[in-house]
Amino acid sequence: MKSEIKIIYRPFDKRDYKDLEEIIRKTWNYDRFCGPKTAQAMARLYLASCLSSQDFTCVAERDGRAVGVIMGKNEEKHHPKLGYRLRQLRAAVSMLSRKDGRRTAKMFGGIDKLDRSLLENCGRKFKGELAFFAVAQNQRGTGIGKELFSRFSRFMKDEGIRSFYLFTDSTCNYGFYEHQGMKRIGKKIYSPEPYGKGEMEFYIYCG
């Protein structure tokens, strides 16, 4: 009989950078937009930007490797972290130094603008945000995502936050959030051409 592999849940640690950047790169398939060095810089930039805008982190560790993560913040208490901001700046410089990086940054700038519009148009103010949530592809369906989400929900409750929001899109498993009782409160359509094919839908959910 095989022994059960234990999953450790703990705050983010610097040793998680490499694993989480790889999860980001594969989850959003950055390599379809640009070369491998730019894709790596994009993943580094995204992770650093998430870390600089969070108050809560929980990493799922299996066999000594980070296989999932969730991050969020209390909007009223949040203070940007300088160290993560500097890492974010270095990654941005690395990405923008390449032609394909500049093209891709323009596309993702459009997505950031779209997200801000979704938040403004929903007509609600939130005290909490789920800023980043991802599980390694080979670990999905194991219950790791549900446990991470549960721990984030407890953080929101402990902070006295009754509602929070998150952004997601049609390439993600947004049905997971609906199964956790969250509701979609906004939708916009965006085409990532010339990098993608067809239109994508972007959503804002509240919980």
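**Close-up views of a predicted model**

**Figure 1. Strands S4 and S5 are joined side by side.** Strands S4 and S5 run parallel and are linked by two bridges. The structure shown here and in the following figures is a predicted model. One pairing to locate is that of Glu129, whose bridge partner in S5 is Tyr165. Between these strands the chain passes through helix H5 (residues 144–158), and the resulting β-α-β crossover is right-handed. Strand S5 (residues 164–169) is mostly covered, as five of its six residues are buried. Strand S5 also pairs with S7, here in the antiparallel sense and over five bridges. Tyr165 takes part in this pairing as well, with Cys206 as its bridge partner in S7.

**Figure 2. The open sheet contains seven strands.** In which order do the seven strands of the open sheet lie? The order is S1-S2-S3-S4-S5-S7-S6, and the pairing is mixed. The edge strands, each pairing on one side only, are strand S1 (7–10) and strand S6 (183–190). On average, neighbouring strands of the sheet are turned by 20 degrees against each other, direction ignored. As general background, the strands of a sheet pair through backbone hydrogen bonds, in either a parallel or an antiparallel arrangement.

**Figure 3. Strand S6 pairs with strand S7.** Seven bridges connect S6 with strand S7 (residues 200–206), and the two strands pair in the antiparallel sense. Within this view, Arg184 may be located together with Tyr205, its bridge partner in S7.

**Figure 4. Helices H1 and H2 meet the sheet.** Helix H1 (residues 17–27) lies across strand S2 (56–62), strand S3 (65–74) and strand S4 (128–135). The helix runs at about 85 degrees to S3. Helix H2 (residues 36–51) also packs on the sheet, where it touches S2, S3 and S4. The direction of H2 makes about 145 degrees with that of S4.

**Figure 5. Helix H2 has many covered residues.** The end C-alpha atoms of H2 are 23 Å apart, in agreement with the 22 Å that its 16 residues should span at 1.5 Å a residue. Which residues of H2 are buried? They are Thr38, Ala39, Ala41, Met42, Ala43, Leu47, Ala48, Cys50 and Leu51. The elements that cover these buried residues include H1, S2, S3, helix H3 (82–96), helix H4 (99–121) and S4.

**Figure 6. Helix H5 has a buried side and an exposed face.** For the 15 residues of H5, a rise of 1.5 Å a residue gives an expected span of 21 Å, and the end C-alpha atoms are indeed 21 Å apart. The buried residues of H5 are Ile144, Gly145, Leu148, Phe149, Phe152, Phe155 and Met156. Because these residues cover an arc of only 130 degrees around the axis, they lie on the same side of H5. Which exposed residues does the face turned away from the buried side carry? That face carries Lys146, Lys157 and Asp158. The cover over the buried residues of H5 includes S1, S2, S3, S4, S5 and helix H6 (175–179). After H5 comes Gly160, which has a positive phi near 75 degrees.

**Figure 7. Ile70 is a buried residue of strand S3.** Ile70 lies in strand S3. Is Ile70 buried or exposed? Its relative accessibility is 0%, so Ile70 counts as buried. Leaving aside residues up to four places away in sequence, Ile70 touches Phe56, Thr57, Cys58, Leu130, Phe132, Phe133, Leu148, Phe149 and Phe152. Of these contacts, Leu148, Phe149 and Phe152 are also among the buried residues of H5. The C-alpha atom of Ile70 is separated by 9.4 Å from that of Phe12, although the two residues are 58 residues apart along the chain.

**Figure 8. Two loop residues other than glycine have a positive phi.** Asn29 is not a glycine, yet its phi is positive, at about 50 degrees. This residue lies in the loop between H1 and H2. With a relative accessible area of 38%, Asn29 is partly exposed. Asp63, also a residue other than glycine, has a positive phi near 55 degrees. Asp63 is placed in the loop between S2 and S3. Because its relative accessibility is 63%, Asp63 counts as exposed.

Technical notes:
Residues numbered from 1 in each chain as written. Predicted model: local features only at pLDDT ≥ 70, side-chain atom pairs only at ≥ 80, totals over all residues. Heavy atoms only, no water. Pairing = 2+ DSSP bridges. Helix = DSSP H or I, 4+ residues; strand = E, 2+ residues; numbered from the N terminus. Axes fitted to C-alpha atoms, helices over the stretch in contact; angles between N-to-C directions. Contact = heavy atoms within 4.5 Å. Buried < 20%, exposed > 50% of the residue type's maximum accessible area, 1.4 Å probe, protein only. Right-handed = clockwise from strand over helix to strand, strands pointing away. Expected span 1.5 Å × (residues − 1). Arc of directions from axis to C-beta.
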